[in-house]
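Biologist: I have a model open and want to learn how to read it. Can you take me through it feature by feature?

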Amino acid sequence: MNKTELIAAMVEASGLTKKDCEAALAAFTGAVETAMKGGDKVQMVGFGSFEVKERPARVGRNPRTGESMTYPACKVPVFKPGKALKDAIK
């Protein structure tokens, strides 16, 4: 499902206009992004949580040449599904 299909599903489920659903989705993703940039965790009970994890620097190997290379430390976004979402998928 892509963004357009998600908005169409939201229109069907909610009865709102397409424009309203696009605005709601943009507001949601913007709020999650802003919170995560600030280092906050976004938790929605039953659905899941969005958070930022830090990956430490590490040494890897270039598979083509076999040469060692260093990957710098970085921050990555992580989504952990909640129990209700896991149960719904089973």
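Biologist: Start with pairing in a hairpin. Which residue of E4 is the bridge partner of Val59?
Modeller: Strands of a sheet pair through backbone hydrogen bonds, in a parallel or an antiparallel sense. Here the bridge partner of Val59 is Thr70 in E4. Keep in mind that this is a predicted model.

Biologist: In which sense do E3 and E4 pair, parallel or antiparallel?
Modeller: Antiparallel, over four bridges. E3 covers residues 58–61 and E4 covers residues 68–71.

Biologist: What should I look for in the turn of that hairpin?
Modeller: Look at the backbone phi. Six residues lie between E3 and E4, and Gly66 has a positive phi near 80°. Gly66 sits in the loop between those two strands.

Biologist: Is Gly66 buried or exposed?
Modeller: Neither label fits. Gly66 is partly exposed, because its relative accessibility is 33% and that class runs between the 20% and 50% limits.

Biologist: Does a side chain do anything on these two strands?
Modeller: Check for a charge over a ring. The charged end of Arg58 sits over the ring of Tyr71, 4.4 Å from the ring centre.

Biologist: Now the other sheet. What is the order of its strands?
Modeller: The order is E1-E2-E5. This is an open sheet of three strands with antiparallel pairing. E1 (42–44) and E5 stand at the edges, each with a single partner strand, so one side of each has no neighbour in the sheet. On average, neighbouring strands are turned by 30° against each other, direction ignored.

Biologist: How many bridges join E1 to E2?
Modeller: Three, and the strands run antiparallel. One example: Gln43 has Ser49 in E2 as its bridge partner. The hairpin of E1 and E2 has three residues between the strands, and Gly46 there takes a positive phi near 90°.

Biologist: And how many bridges join E2 to E5?
Modeller: Eight, again with the strands antiparallel. Read across the pair. Glu51 has Val78 in E5 as its bridge partner. Phe50 stands opposite Phe79 in E5.

Biologist: What does a residue in strand E2 touch? Take Ser49.
Modeller: Leave out residues up to four places away in sequence. Ser49 then touches Lys41, Val42, Gln43, Val78, Phe79 and Lys80. Ser49 is buried, with a relative accessible area of 7%.

Biologist: Where does helix H2 lie?
Modeller: H2 lies across E1, E2 and E5. The helix runs at about 40° to E2.

Biologist: Which residues make up the largest nonpolar core?
Modeller: Look for buried nonpolar side chains that join up. Five residues make up this core: Val32, Ala35, Met36, Val42 and Phe50. H2 (residues 18–37) supplies the largest share, three residues. Follow one contact set inward. Val32 touches Val42 and Phe50, with residues up to four places away in sequence not counted.

Biologist: How many aromatic pairs does a search of the whole structure find?
Modeller: Three. For each pair, read the centre distance and the angle between the planes. Phe28 and Phe50 form an edge-to-face pair, 6.4 Å centre to centre with 70° between the planes. This pair links distant parts of the chain: Phe28 is in H2, Phe50 is in E2 (residues 48–55), and they are 22 residues apart.

Biologist: Are those two rings buried or exposed?
Modeller: They fall in separate classes. Phe28 is partly exposed at 36% relative accessibility. Phe50 is buried, with a relative accessible area of 18%.

Biologist: Why is the pair of Phe50 and Phe79 called tilted?
Modeller: Their planes stand at 45°, so the pair is tilted. The ring centres are 4.9 Å apart. Phe50 lies in E2 and Phe79 in E5 (residues 74–81), so the pair ties together parts 29 residues apart in sequence. Phe79 is partly exposed, with a relative accessible area of 34%.

Biologist: Which residues form one aromatic cluster?
Modeller: Phe28, Phe47, Phe50 and Phe79.

Biologist: One last reading. How many Å apart in space are Gly66 and Val32?
Modeller: Compare sequence and space. Gly66 and Val32 are 34 residues apart in sequence, and 40 Å apart in space, C-alpha to C-alpha.

Notes: Residues numbered from 1 in each chain as written. Heavy atoms only, no water. Pairing = 2+ DSSP bridges. Core = buried A, V, L, I, M, F, W, Y, C linked by side-chain atoms within 4.5 Å. Buried < 20%, exposed > 50% of the residue type's maximum accessible area, 1.4 Å probe, protein only. Contact = heavy atoms within 4.5 Å. Phe/Tyr/Trp six-rings, centres within 6.5 Å; stacked < 30°, edge-to-face > 60°. Lys NZ or Arg CZ within 6 Å of the ring centre and 35° of its normal. Axes fitted to C-alpha atoms, helices over the stretch in contact; angles between N-to-C directions.
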